[in-house]
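Biologist: I would like a close look at one part of this model, and after that a connected account of how comparable features appear elsewhere in the chain.

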Amino acid sequence: GYMPKEKYSFAPEIFEHSQRVGRHYGLYEQAIFQTRVLKVSWDASIARWRIETNWNDNIRARYVIVATGPASRPKLAGIPGVETFKGHAFHTARWDYDYTGGSHAGGLTKLADKRVAIIGTGATAIQCAPYVAAHAKQLYVFQRTPSSVDLRGNKPTDPNWWESLQPGWQRARRENFADVVTGRPFEEDLVADGWTEIFRNLASLRLPESGEAKPEEMAEIADFRKMNNVRARVDATVKDKATAEALKPWYRQFCKRPTFNDEFLEAFNRPNVTLVDVSEARGVERITEKGVVAGGREYEVDCIIYATGFEIGTAIHRRFDFETIGEDGVSLFEQWGAGMKTLHGHSTRGFPNWFYVGIGQNALSVNFTAMFDDQARHVAWIIHEAMARQARTVQPTEEAQDAWVAEIRRLSVMNRAFLEACTPGYYNQEGKVGDGAPGGLGGESYGPGINPFNALLAEWREKEDLEGLEITTG
């Protein structure tokens, strides 16, 4: 019943809607806030998970669902001297409005007499740099690798269009989006944005040579055309030619997360904004008491803002951030030491009544909210069935788990040659794909895509025999 204000909602509106969902479903009465889980361990004597917290709780739960998110631990760049800086510093995930003034909407007026450094030019800096640029006395943006910054084209929601929508429109749009971005047939692009444009171009592309075009050749040409458009947008927006040249992404589109913003490039036309390109040095050299050293020069600043994102490719133990002990005292991190082992990406042998909502051995989509919603619905269905059958425990059989892992490896979307040619980032395990590391962010995804994966799970549910799951009763 709520109409979003714009095509792309900003954080406060998303937060308000999350609260609206919480109130509607009575989740506030069931939530324990400001509490950190330290350990979960299986107690076979009572068939329950014991959950220890930072408040010395001993919570017993029949089922545990881990949904900590793939980007929940802020990451600081490994720059020497970080701890020596005597000015003010913070990570964008912990924005200090007491220091900057203002709010999410801007108005960072306390920066008027401040020299500010932003380290990073990824998806986070793309969002915050224009707001800092509007108020800081001087802004230095330190760039290791330029982002692909395409037009976002945000606009208010048309009330007439909104009124024309029929029940089920959300599902139709998200499945259509998934079809477009995975190269499946589609009649109309219902989302029609920068994410889908490259795939629309690919679907319509024909190579001039006679004979059937190779898919990889079509993809490379479509990619090149798209990135040329992105680079041309830099030239058309940024007035200083040297700055414009440094801001142009030189890699293929999906080496890095594409970004979309209408204000970032324009910010570099301000006289108080300087781009410091550190690509040749492969990053900032060091932090000093007074500021940032790059290219042999020290930039004295009052504040350093680390726009360095989140840990995504680090060890799963760090990202879960709590110990998980299953049957016979085995740690989940030992179980997954040589790689994830799951059935459909949501459960693993030796960890009864335990489920995972996240990335790994399921289907990956850039539409994270929709992807996790589908996973949650599937897990909820399994728990409902287990309870209806008066199950004591439910977990995958060894055989079913092994078969699914083999299927994932067979259908893996990872293109090692493509990822090895990319600049380091979380898509390619920080450039370590060729060193025996897993295939980066999507290295163990279900290759055919999110819609076929959801169809596979729907067919599995329709059988109602819980194939591959072992149930104990009593």
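Which residue meets the side chain of Arg-50 in a salt bridge, and what is the N to O distance?

Modeller: This is a predicted model, and in it the side chain of Arg-50 meets that of Asp-43 in a salt bridge, with 2.8 Å from N to O. The two partners differ in their cover: Arg-50 is partly exposed, because its relative accessible area is 25%, whereas Asp-43, with a relative accessible area of 16%, falls under the 20% limit and is therefore buried.

The pair belongs to a wider set, since a search of the whole structure finds 22 salt bridges. Another of them joins Arg-152 to Glu-263, where the closest N and O atoms are 3.4 Å apart. That pair links distant parts of the chain, with Arg-152 in the loop between strand E8 (149-150) and helix H4 (159-164), and Glu-263 in the loop between strand E9 (259-260) and helix H9 (264-267), 111 residues apart. Glu-263 counts as partly exposed because its relative accessibility is 37%.

Asp-235 and Lys-248 form a further salt bridge, and here the closest N and O atoms are 2.8 Å apart. Asp-235 lies in helix H7 (residues 215-237) and Lys-248 in the loop between helix H8 (241-246) and E9, so this pair ties together parts that are 13 residues apart in sequence. Asp-235 counts as partly exposed at 35% relative accessibility, while Lys-248, at 14%, counts as buried. Salt bridges also link Arg-171, Arg-174, Glu-175, Asp-373, Asp-374 and Arg-377 in a network.

Turning to helix H5 (residues 169-181), one finds Phe-177 there, and this residue counts as buried because its relative accessibility is 7%. Once its neighbours within four places in sequence are left aside, Phe-177 is in contact with Val-191, Asp-193, Trp-195, Thr-196, Val-366 and Asn-367. The C-alpha atom of Phe-177 is separated by 7.1 Å from that of Leu-190, a residue 13 places away along the chain.

Among the strands, five form an open, parallel sheet in the order E5-E14-E6-E7-E10. Its edges are strand E5 (88-91) and strand E10 (273-277), each of which pairs on one side only, and the twist from one strand to the next averages 20°. E5 and strand E14 (residues 303-306) run parallel and are joined by 4 bridges, with Tyr-306 in E14 as the bridge partner of His-91. Helix H3 (residues 123-133) lies across strand E6 (115-119), strand E7 (138-143), E10 and E14, and runs at about 170° to E6.

An antiparallel pairing is found between E17 and strand E18 (residues 469-473), over 5 bridges, and there Thr-472 in E18 is the bridge partner of Thr-393. Strand E17 (residues 391-396) is mostly covered, with 5 of its 6 residues buried.

At the surface, Val-21, Tyr-25 and Leu-27 make a nonpolar patch of about 290 Å². Leu-27 sits in the loop between helix H1 (11-24) and strand E1 (37-43), and counts as partly exposed because its relative accessibility is 42%.

For the chain as a whole, there are 15 helices and 18 strands, and 45% of the 474 residues count as buried. The exposed area is about 25,000 Å², of which carbon and sulfur atoms supply 51%.

Note on methods:
Residues are numbered from 1 along each chain as its sequence is written. This is a predicted model: local features need pLDDT of at least 70, side-chain atom pairs count only at pLDDT 80 or more; totals for chains, interfaces and linings use all residues. Side-chain values use heavy atoms; hydrogens and water are left out. Patches are made of residues with over 30% relative accessible area and no salt bridge: like charges are joined within 9 Å, nonpolar side chains (Val, Leu, Ile, Met, Phe, Trp, Tyr) within 5 Å. Accessible areas come from the Shrake-Rupley method with a 1.4 Å probe; for residues, only the protein chains shown count as cover. A salt bridge is a side-chain nitrogen of Lys or Arg within 4 Å of a carboxyl oxygen of Asp or Glu. Helices (H or I, at least four residues) and strands (E, at least two) are DSSP runs, numbered from the N terminus. Buried means under 20% relative accessible area, exposed over 50%, partly exposed in between (1.4 Å probe, protein chains only). Two strands pair if DSSP finds at least two bridges between them. Axes are lines fitted to C-alpha atoms, for helices over the stretch in contact, and angles run from 0 to 180 degrees between N-to-C directions. Contact means heavy atoms within 4.5 Å.
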